Every structure is written in C-alpha cells, then in structure tokens.
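Biologist: Please take one part of this protein and go through it closely. I would like to know what lies inside, and what surrounds a single residue there.

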Amino acid sequence: MTQTIALIGAGAMGGAIGARLARTGTRLRVFDRNPAQMQPLEALGATATTSAAEAARGAQAVILSLNAPGIVRDAVFGSDGVASGAAPGTLIIDMSSIDPTATQALARDAADRGLRWVDSPLSGGAPKAATGQLTLMQGGAEADVSEAQGLLAQVASNQTRMGDAGAGQATKLINQVLCGLNFLAVAEATALAEAAGISAERIPEALAGGRADSAILQEYMPRFAGRDYRPTGRIDNMVKDLNGAQDLARLSHTPMPLTALCAEIHRQLTARGLGDQDQAALMEFFPNPLAKEASR
C-alpha cells in the first residue's frame, strides 16, 4: 500500500528528500511558504498545499525540513500548523538541525497534543538524499524511531537510534563539529598545496586509503582547488550548528578550542556576505597564490 507523507519545507534539503520520496513511490503532500519551492515536487507528482495543516491531513507521517527551532515550532503549533490538521497519533519526523533542548520541549508539547515526535537530523546533504544514502541520527521512543526508519528507508542507508528525544540532535552537533573541522583542515591544506606548487586536485588520489583520507577530502579538495562554489550546503547553516555545539559544550563545561576557531572563521565569512555560499567558499579565507601570479 502506497504511504502518504506530508513534507513541510521544500528548500534545498527538503526538496531533495521530497524528490527522492516521490521518485520511489511515496504519495507526497507538501507545504512551503514559498510556492515556487514546491513546483519541482509537483512536477514529480506531489500535491502542493496551502498550509502545514492541510498537508498533514490524511498523512501517515509528517516530515519537517526547516532551519530553526522557532520556525519548527510555528510550523507545528502555529496558526494552520501541523497540529491543526494531523490526526491523533500522527508521527512527526523532524529532519531539521536544531538544538537538543528545543527538541525535547517540542516533543513534550507534541505528546500533549496526542502526536508522536522523532528527531532525525541528517548527514550527507542533498547529493546523498538523491541517491538514498543519507545518514540519519535519531531520538525518540523505540517504536516511533523504528516506524520512522521504515518510512525513511528510501532516503537513508544508515539510520541509528541514539536515545530519547533530543539525542539525534545532540549527535548531529557532534557530526557538525567533525565536519566543520574537516572542511577547514582540507581548505587549509589546499591553500598550502597551492602555495607549494603542488596539484591539489591530485592529493585525494595520492592519499586515498591512508589515515588522512575522508569523504570530505575526496569530494572537497578538488572543489576547493577549482573554486567550485556550486551550492550543496550553506556556511551560515554551519555557523548555526557550531553555535549549537558550543552551547551544548557550555552546559557541561567541555572545552572546545578548535571548534571555537572554526566557528569564528565561518562567522567572518558570513559577515563578509558569504553566508549563503557552499562550504567550498572557505577558500575565500585563504590567499590564492595562483590568482596573484595571474595578476602580475
């Protein structure tokens, strides 16, 4: 039997998730405040709606793909929100990246309304969503997470329940610390390779299989070297996540000096107007010796 899922938020990430679900047989009802965001999903057979409440009516589950706790709360509990249209017992799967404390409050409020909540932030971005290879870290009741994992099987190849509500979001913050530091390390290494006259594009091949190898090295060093800024993520979203990691660290008095530096560099780039750029724009922090040579 074909399942019906509501999707709230059809931006770059939500759109990629929705497209994968639509292409693999899910009956999709979608809402986004920007009607243009829904058009690509409509072309794949999704039903565009005029509110989150309308999208949630008759849906087996509701997926949220939004940017901040306040936006998530408004989409669920605000006027014409999910809670106004969803049937009692409906499963809400929040694939946004927000802080664990806000998630715990949202889950409690959902339970008070007879709704179930699973936080399921992701790693892998739009490219992995398109191929059904997202990594999902999840929090919530065991039965609810198990149900969510079945519904998301077409978009994810790795799903792990980390604990109760908020545990998925805490794990995502840890993921973002590792990603942010790795992005910055690879960008810095690219700048050094260029300054030394070494072909940065060949380094991933040279280091493949060694201890320095990583998915970010393989994907991003060629992009850093080529100043390939096509969007697959946003620097200001990384700022949000690193801020969240620092907030979590302050609660437990955990020192995170490298994360602090990484966050500051991302903030500098955002202040320079590059917040909406892909992580590849980290190269704007480093001088480009090739550009200097060309200008002489």
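Modeller: What follows covers the nonpolar core and then one residue, Asp94. The model is a predicted one.

The largest nonpolar core has 29 residues. Those with the most contacts inside it are Ile17, Leu41, Ile63, Ile93, Met95 and Leu134. Several elements each supply at least two residues of this core, among them strand E1 (4-8), strand E2 (27-31), strand E4 (61-64), strand E5 (91-94) and helix H8 (142-151). Helix H1 gives the largest share, five residues. Another core, of 28 residues, lies apart from this one, and it includes Val186, Ala193, Ile265 and Leu274. As background, nonpolar side chains in soluble globular proteins tend to be buried together.

Met95 shows how distant parts of the sequence come into contact. Leaving aside neighbours within four places in sequence, Met95 is in contact with Ile17, Ile63, Leu64, Ser120, Pro121, Leu122, Leu134, Leu136 and Leu152.

Now to Asp94, which sits in strand E5. Asp94 counts as buried because its relative accessible area is 0%, and the cut-off for buried is under 20%. Not counting residues up to four places away in sequence, Asp94 touches Leu64, Val72, Trp117, Val118, Asp119, Ser120, Pro121 and Gln169. Trp117 is 23 residues from Asp94 in sequence, and the two C-alpha atoms are 7.5 Å apart in space. There is also a polar contact, at 2.6 Å, between the side chains of Asp94 and Ser96.

Technical notes
Residues numbered from 1 in each chain as written. Predicted model: local features only at pLDDT ≥ 70, side-chain atom pairs only at ≥ 80, totals over all residues. Heavy atoms only, no water. Core = buried A, V, L, I, M, F, W, Y, C linked by side-chain atoms within 4.5 Å. Buried < 20%, exposed > 50% of the residue type's maximum accessible area, 1.4 Å probe, protein only. Helix = DSSP H or I, 4+ residues; strand = E, 2+ residues; numbered from the N terminus. Contact = heavy atoms within 4.5 Å. Polar contact = N/O pair within 3.5 Å; in protein donor to acceptor, adjacent residues only side chain to side chain.
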